[in-house]
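Open your viewer and get ready to click along. We will go from one selection to the next, with a short note on what to look for at each stop.

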Amino acid sequence: MNTTTTSDAPTQAPTAKRRRPKALLALEPSTATRPGIRTILSDMTATSVGNAFVALLFAASGPVAVILAAAAAANGGEGLSGDLVSSWIFGVFLGNGLLTIVMSWWYKSPQAYFWTIPGTVIAGDALSHLSFAEVLGAYVLTGMLIIFLGWTGLVARVMDALPPQVAMAMVAGIFLRFGLELIDASLADPMIAIPMILIFVALSTIPAAAKFAPPVALAAGIGTATALIFGRLADGALDGGIVAAPVLTMPTFSWAATIELVIPLAITVVVVQNGQGVAVLRAAGHHPPTNVAATASGVATIPLAFLGSTPTCLTGPTNALLVAEGHKRNHYAAAIACGVMSIGVGLIAPAFTGFILAMPAAFIATLAGVAMFTPLKNAFLAGFSGGASAGALTCFLVTFSELSLLGISAPFWGLVFGVAVTKLLDRTPQSPPKGR
């Protein structure tokens with residue numbers, strides 16, 4: 001009897017495995033215990049909420065300005081209608097907020113999803129000579145391609161083949177501009193910038209106080225108060241209305257839009273943006289599901305395209321802000337808080353983004369600078385340690401140069417040239433991490 005039981009067990013396990021589709025084997029399963037509401041609320045510390053708020057402010061400032069610039073290029077420079085722009089912003093905040101909540105809860109690790117900024121720039125160029133519906137059709141096809149790349153496991157293979165120093169050097173090259181803009185803001189508008197910097201430094205030197213008064217969030221509060229007290233808020237913050245009104249636009253498919261946009265957009269999502277997000281989260285000690293993140297980005301991209309929204313990605317800067325402070329175990333709660341706030345912004349997108357864009361330029365630059373201070377430091381430390389220093393330096397320089405070839409932005413080329421130099425000049429590059 002015992003012999004029969006023992007011999008049956010090993011024959012059943014392989015059979016169960018064979019029944020699972022091979023494609024699913026590339027998608028990383030969640031091994032975490034999904035947290036309940038009480039657990040999430042207990043893990044949502046003041047630091048977590050502060051990080052989430054700052055991350056959302058970041059997404060609702062500069063990146064939204066990129067959307068507005070892209071929309072203004074449409075129709076031969078006449079721009080998209082206010083309703084279409086509002087729907088675009090509604091989609092990227094509400095849709096990606098929902099995705100952020102679901103993915104961060106399911107894996108109990110931070111995974112903030114927003115929209116691809118370089119992809120928005122590419123779309124803005126295309127809108128100058130393609131119709132809005134054609135560009136949306138390219139978004140749908142891009143989403144399908146990204147799903148294929150994630151489903152088949154090709155994304156994780158590419159990411160694991162990248163030397164980690166080169167990947168973090170790309171992140172450093174992207175984040176450096178925030179540090180430089182912080183210096184420019186402090187010189188151009190010290191009334192706004194200096195109080196924000198001082199409160200950030202003061203609270204950062206007192207770890208005990210920082211637990212209850214997150215330095216970056218307090219810096220945002222001081223900057224906002226200063227702008228309001230001295231009348232620095234521009235007029236017209238609510239001219240676009242308060243509540244968003246989504247507009248459904250049916251995509252159309254054309255060879256011109258497909259050839260021009262699909263491959264470049266897929267590269268910006270899978271390699272550039274998701275590459276940043278994965279590198280940032282790995283550096284913070286997390287193990288993002290690379291293939292699942294790509295697949296989720298593609299799945300979200302398709303329905304959001306009907307609202308006019310740019311393709312979804314696992315964002316680098318926002319995730320860097322979420323994991324910059326606090327305990328590792330609370331980072332997922334910060335991401336969930338960011339997702340909840342993002343949904344709120346989506347519902348009142350015209351009012352919120354109008355208010356942020358009405359703030360002095362120095363406020364946005366200073367807030368982004370102090371928020372990115374720790375992530376930038378960590379990116380430099382991770383990028384220029386180990387054996388791939390020549391490749392990392394090459395990647396950093398190319399990324400920061402804003403080189404653009406074949407319609408593809410500098411971070412991608414930074415990775416390409418960085419890996420090439422690593423293989424040629426770095427004799428003992430550090431092996432990429434095995435875990436994902």
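Start by selecting Asp-189: at 13% relative accessibility it counts as buried (buried means under 20% relative accessible area, exposed over 50%, partly exposed in between, with a 1.4 Å probe and protein chains only). Before you go on, note that this is a predicted model, in which local features need pLDDT of at least 70 and side-chain atom pairs count only at pLDDT 80 or more, while totals for chains, interfaces and linings use all residues. Residues are numbered from 1 along each chain as its sequence is written, and side-chain values use heavy atoms, with hydrogens and water left out.

**Stop 1: around Asp-189**

Asp-189 sits in the loop between helix 9 and helix 10. Helices (H or I, at least four residues) and strands (E, at least two) are DSSP runs, numbered from the N terminus. Show the neighbours of Asp-189: setting aside residues within four places in sequence, it contacts Arg-232, Pro-360 and Ala-362, where contact means heavy atoms within 4.5 Å.

Now select Arg-232 as well. Which kind of interaction joins the side chains of Asp-189 and Arg-232? They meet in a salt bridge, at 2.6 Å from N to O. The pair ties together distant parts of the chain, 43 residues apart, with Arg-232 in the loop between helix 12 (215-229) and helix 13 (255-283). A salt bridge here is a side-chain nitrogen of Lys or Arg within 4 Å of a carboxyl oxygen of Asp or Glu, and by this rule the count comes to one. Side chains of opposite charge can pair when their charged atoms come close. Unlike buried Asp-189, Arg-232 counts as partly exposed, at 30% relative accessibility.

**Stop 2: helix 10 and Thr-226**

Select helix 10 next. Its 15 residues reach 20 Å from the first C-alpha to the last, close to the 21 Å expected at 1.5 Å a residue; the expected span is 1.5 Å times one less than the number of residues. Colour Ile-192, Ala-193, Met-196, Phe-200 and Leu-203, the buried residues of helix 10. They cover an arc of only 115° around the axis, which puts them on the same side of helix 10; the arc is that of the directions from the helix axis to the C-beta atoms.

From there, click on Thr-226 in helix 12. Is Thr-226 buried or exposed? At 11% relative accessibility, Thr-226 counts as buried. Thr-226 touches Met-191 and Ile-192, not counting residues up to four places away in sequence.

**Stop 3: the nonpolar core**

Select Trp-88, Phe-93 and Phe-175, the residues with the most contacts inside the largest nonpolar core, which has 126 residues. Helix 13 gives the most to this core, with 14 residues. A nonpolar core is a set of buried Ala, Val, Leu, Ile, Met, Phe, Trp, Tyr and Cys residues joined through side-chain atoms within 4.5 Å. Zoom in on Trp-88: beyond four places in sequence, its contacts include Ile-67, Leu-127, Phe-132, Tyr-139 and Leu-307.

**Stop 4: helix 5 and Lys-108**

Highlight helix 5 (82-107). Helix 5 has 26 residues and a reach of 37 Å, close to the 38 Å expected, and 19 of its 26 residues are buried. Straight after helix 5 comes Lys-108, in the loop that leads to strand 1 (113-115). Check its backbone: Lys-108 has a positive phi of about 50° although it is not a glycine.

**Stop 5: helix 14 and a glycine pair**

Select residues 290-305, which form helix 14. Of its 16 residues, 13 are buried, so helix 14 is largely enclosed by the rest of the structure.

Then select Gly-179, in helix 9, together with Gly-369. These two glycines are 190 residues apart in sequence and 5.1 Å apart in space, C-alpha to C-alpha.

**Last stop: the whole chain**

Zoom out and colour by pLDDT, the predictor's confidence in each residue, from 0 to 100. The protein chain averages 81, and 88% of the residues score at least 70. Over residues 1-17 the pLDDT is below 50, and this stretch has zero contacts beyond near neighbours in sequence. Residues 431-436 also stay under 50, though the model has 15 contacts for them beyond four places in sequence. Where pLDDT is low, the predicted coordinates should not be read in detail.
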